[in-house]
Amino acid sequence: MNYWLIILISIIYLGLLSLVAYFADKRAKTGKAIQGNPYVYALSLAVYCTAWTYYGSVGKAASDGLSFLAIYLGPIIGMPLWLFLITRIVKISNALRINTLADFIATRFGKSTTLSVLVTIMCILGVVPYVSIQLKAIDSSIKVLSPDADQILLFDSAFLVVILLTAFILVFTFRTVDSTKKHHGLVSAIALESVVKLIAFLLVGGFITYGMFDGFGDIFNRVSDENLGKYSTLEGSSYPVLLFLSFSAVFFLPRQFHVTIAENTTPQNIKTAIWLFPAYLLAINLFVIPVAIGGEYLLSGNVDPDMYLIELPLLAGNQVWAMITYIGGFSAATGMIIVSTIAISMMASNNLVIPLIIKGYNPSKINERKALLIRRISVVVVLFGSYLYFEFVSNEFPLVAIGLISFAAVAQFTPVVLASLFWKEVTRQGAIFSLLAGFAIWFYTLVVPGMVKVGLLPLELVSS
C-alpha cells in the first residue's frame, strides 16, 4: 500500500477531529453545548481504550488467553462505586475549581505544594511509557501496510506522527490559559474517536470471524487441545493484580481524570456512564479471542501477535479491511495521546514550571501569553520524550507489557485519594511518604529492568 496514502488518510482523520472540535466549540458559544449530553460524556470515557486495547488485547489473548479480560473487568467491577465516589470527587472539584489530579490531591492535604509537585512528576513519568506504545502501535501498523516505509523517510513514521499530533494539539486546543474552562471541542472529538475505533474493531473482527472463518464455532475448533484451557478459563496468579491496576487506572490515569472529572458538566451524567461505559468495554472486546485464535492458527511464529488484527485482512488479500483496521488503531492511539498530553501539560505548567518562575522571578512577568507558551512547551516535551522512550525502550516490548508500567504508576494514587476522602486522621506527611515509597518501588522494579534490558543502564542494577 502506498505510504503517502496512509499519511494522507491520517491527516484527513485529524482534520475531521479538528472540524468536530471547531463546530462543538462554536455551538458551545451559542449556549447549545453538546458536551453536557450524557452519551457524549460516556463515550469520551472510552479514551481508556487505547492502541493497547485495539491491538494489544489481541496480542495478550494470543499468548495468555482470557487473562486480558482483567484489564476491562477492573473498571466494570468498579462502576457501581462511581455513583458515590466519582460523584463526590466531581462535586469537590467543581466547588474548588480543580481540574487536575495533582491539584485534587494537593488540595485535600492543605494545598500542599510538595504533593502537587510529586504527583505531577509521577504522572509525567507514568504517562510517557504509555504514550510511547501508542506511537509504537501506529508505527508498526504503518510498516505492516507499507513495508518500505523506512526507506521513504530519513526517520521512522512515529516521528512524523509526533509532528502531526504536536501541531494538532497546539493549534486546536490551547486558546486560553484558564484551565477551569470546559473543552467542548476536545470532548466531542474524543467521543467521535471512541465511536470510530469501536466500529472499526467490530467490522474487522466480524470480517475475520465470519469472512475468513465460519464463525465462532469454526474458530474454536481450530484450537489445539493443549491451548483450549487458556481460552476457556480464567486463571493465573496475576489476575487480582491486574484487576486492581485496571480499577485504579480508570480513576487516576491523567487522561481518565481529565475526561471524567475536569470535563464533567453535571454529576447526573455519571448515571449514564455507569452502564454505557461497561457496555462499550464489552463490545470492543467481542472479537478479541476469535482474532487471537485466528492469528495463531494462520500466522503464529511469522508476525507480531499485536498486529494480528491488521495482518489477517492482508493475508486474505483485502487492503480495504486492513485500512479500516489502521484507521481504528490510529483513532485509538491519537485520542489517548491528545488527552494525556493536554492533562499532563496543564499539571506541568501549573504545578512545576510557573511556580518555579514565580519563586525565582517577578510574578508580574507571567502573563497569559507566557503561560500558554509554557503549556505548549510542556506538550512538546512530553510528546518528544515519549518518542525517545519509544525509540530506545518500548520498541523492544509488547504493547501490554509497557502499558502495565503506566497502570502500576497511577495505582500509587489510589490509597492516597481514598484516604483523603474517607480517613480524617490521614496526614500530609503520610501521603508524601506513601507516594515516595510507592514511586521508588515502581521505578526500580518496572522501569529500571526495561532500561537495563535495552542497554541504557548497567546490568548490575538488577543483578544480585
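Rings of Phe, Tyr and Trp (for Trp, the six-membered ring) are taken as a pair if their centres lie within 6.5 Å, with planes under 30 degrees apart counted as stacked, over 60 as edge-to-face and the rest as tilted. By that rule, Y48, W52, F68, Y72, W82, Y130, F247, F251, F252, F277 and F407 form one aromatic cluster. The structure here is a predicted model, in which local features need pLDDT of at least 70 and side-chain atom pairs count only at pLDDT 80 or more, while totals for chains, interfaces and linings use all residues. Residues are numbered from 1 along each chain as its sequence is written, and side-chain values use heavy atoms, with hydrogens and water left out.

Aromatic pairs come up often: a search of the whole structure turns up 29 of them. Take W82 and F251, whose ring centres sit 6.0 Å apart with the planes at 40 degrees, so this pair is tilted. It links distant parts of the chain, as W82 is in the loop between helix 4 (70-78) and helix 5 (85-96) and F251 is in helix 13 (residues 239-252), 169 residues apart. Helices here are DSSP runs of H or I with at least four residues, and strands are runs of E with at least two, numbered from the N terminus. Both W82 and F251 are buried, where buried means under 20% relative accessible area, exposed means over 50% and partly exposed is in between (1.4 Å probe, protein chains only).

Another aromatic pair, F207 with W321, is stacked, at 5.1 Å centre to centre and 15 degrees between the planes. F207 belongs to helix 10 (residues 184-212) and W321 to helix 18, so the pair ties together parts that are 114 residues apart in sequence. As for accessibility, F207 counts as buried at 16%, whereas W321 is partly exposed at 22%.

Helix 18 (residues 319-360) is also home to N351. With 7% relative accessibility, N351 counts as buried. Its side chain makes a polar contact with the side chain of D103 at 2.9 Å. A polar contact is a pair of N or O atoms within 3.5 Å; within protein, one must be able to donate a hydrogen and the other to accept it, and residues adjacent in sequence count only if both atoms are side-chain atoms. Setting aside residues up to four places away in sequence, N351 touches T100, A102, D103, S116, V117 and T120, with contact meaning heavy atoms within 4.5 Å.

Helix 6 (101-108) comes after the loop that holds R97. Within helix 6, L101, A102, F104, I105 and A106 are buried, and the helix is followed by G110, whose phi is positive, near 70 degrees. Most residues other than glycine have a negative phi, and most peptide bonds are trans. Against that background, R97 has a positive phi near 55 degrees without being a glycine, and K111 likewise has a positive phi, of about 55 degrees. R97 sits in the loop between helix 5 and helix 6, and K111 in the loop between helix 6 and helix 7 (113-145). R97 is exposed, at 56% relative accessible area, and K111 is exposed too, at 68%.

Next comes helix 17 (residues 308-315), where six of the eight residues are buried, so the rest of the structure largely encloses it. Those buried residues are Y308, L309, I310, E311, L312 and P313. Just after helix 17, G317 takes a positive phi of about 75 degrees. Among the residues in contact with V291, leaving aside neighbours within four places in sequence, are Y308, L309 and L312, along with V58, G205 and I208. V291 itself lies in helix 16 (residues 288-299) and, at 0% relative accessibility, counts as buried.

Finally, the axes of helix 20 (residues 399-410) and helix 22 (residues 428-453) come within 10 Å and cross at roughly 180 degrees. That makes helix 20 roughly antiparallel to helix 22. Axes are lines fitted to C-alpha atoms, for helices over the stretch in contact, with angles from 0 to 180 degrees between N-to-C directions; under 35 degrees counts as roughly parallel, over 145 as roughly antiparallel, 65 to 115 as roughly perpendicular and the rest as oblique. I405, A408 and A409 of helix 20 and W442, L446 and V447 of helix 22 make the contact. These residues divide into six nonpolar, no polar and no charged, with Ala, Val, Leu, Ile, Met, Phe, Trp, Tyr, Cys and Pro counted as nonpolar, Asp, Glu, Lys and Arg as charged, and the others, Gly among them, as polar.
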